[in-house]
Amino acid sequence: RFGMFIHWGVYAVPAGTYEDKQVGGIGEWIMCSAKIPMAKYQPYAAQFNPVKYDADAWVRLAKKAGMKYIVITSKHHDGFCLFDSKQTDFDVMSTPFKRDILKELSEACQSDGIKMCWYHSIMDWHHPDWPARPEFNDYAKGAPDKARFKTYLYGQLKELFTNYGPIGM
């Protein structure tokens, strides 16, 4: 009943600031709070390069503290994936980092006996077929194709449940 929740993604790049202004609200909602058009938000991925990321160190810290599980945002509402998704290019493999963060973390968790868990948002402001399109989705045209979005979402869930070993939640 004690674990670590890692809320992390490309939204860490603007770090609460857009167009030299501090944006109120929660950092991972900056795209929505500041109404950042996708054409201006998507380039943040080209700056996402967490060179100090060390999955083993994170898991050791969690274990030392007595934690039993780690939950990480596999994808937040902005649609950016911290894993190598074949469903989209808006993922960690399209960044300068080019490493599957979830793969490394899940392997470290398996090695140290920590349960790996995903927080995967169903919302996806990046996908043109997300049914509840926000006004800042500036590239979606026409009516959303709900069947295509469902195929995309289920494809990502299948990737998460088959490519990373045992999943705790």
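A polar contact is taken here as a pair of N or O atoms within 3.5 Å, of which, within protein, one must be able to donate a hydrogen and the other to accept it. In the predicted model, such a contact is found at Thr88, where a polar atom of the side chain lies 3.0 Å from the backbone nitrogen of Phe90. Thr88 itself is placed in the loop that runs between strand S4 and helix H4 (101-112). Because its relative accessibility is 12%, and buried means under 20%, Thr88 counts as buried. When residues up to four places away in sequence are left out of account, the residues touched by Thr88 are Cys81, His126, Tyr152 and Gln156.

Strand S4, which precedes this loop, belongs to an open sheet of 3 strands that pair in parallel and follow the order S1-S4-S5. Strand S1 (3-6) and strand S5 (115-120) form the edges of this sheet, each pairing on one side only, and the twist from one strand to the next averages 25°. Strands of a sheet pair through backbone hydrogen bonds, in either a parallel or an antiparallel manner. Between S1 and strand S4 (residues 69-75), which run parallel, the pairing comprises 4 bridges, and Ile6 has Ile72 in S4 as its bridge partner.

Helix H5 (residues 146-162) packs on the sheet, where it touches both S4 and S5, and the direction of this helix makes about 170° with that of S5. Two of the residues touched by Thr88, Tyr152 and Gln156, fall within the residue range of helix H5, so that the contacts of this buried loop residue include positions on the helix that packs on the sheet.

Terms used:
Residues are numbered from 1 along each chain as its sequence is written. This is a predicted model: local features need pLDDT of at least 70, side-chain atom pairs count only at pLDDT 80 or more; totals for chains, interfaces and linings use all residues. Side-chain values use heavy atoms; hydrogens and water are left out. Two strands pair if DSSP finds at least two bridges between them. Axes are lines fitted to C-alpha atoms, for helices over the stretch in contact, and angles run from 0 to 180 degrees between N-to-C directions. Contact means heavy atoms within 4.5 Å. Buried means under 20% relative accessible area, exposed over 50%, partly exposed in between (1.4 Å probe, protein chains only).
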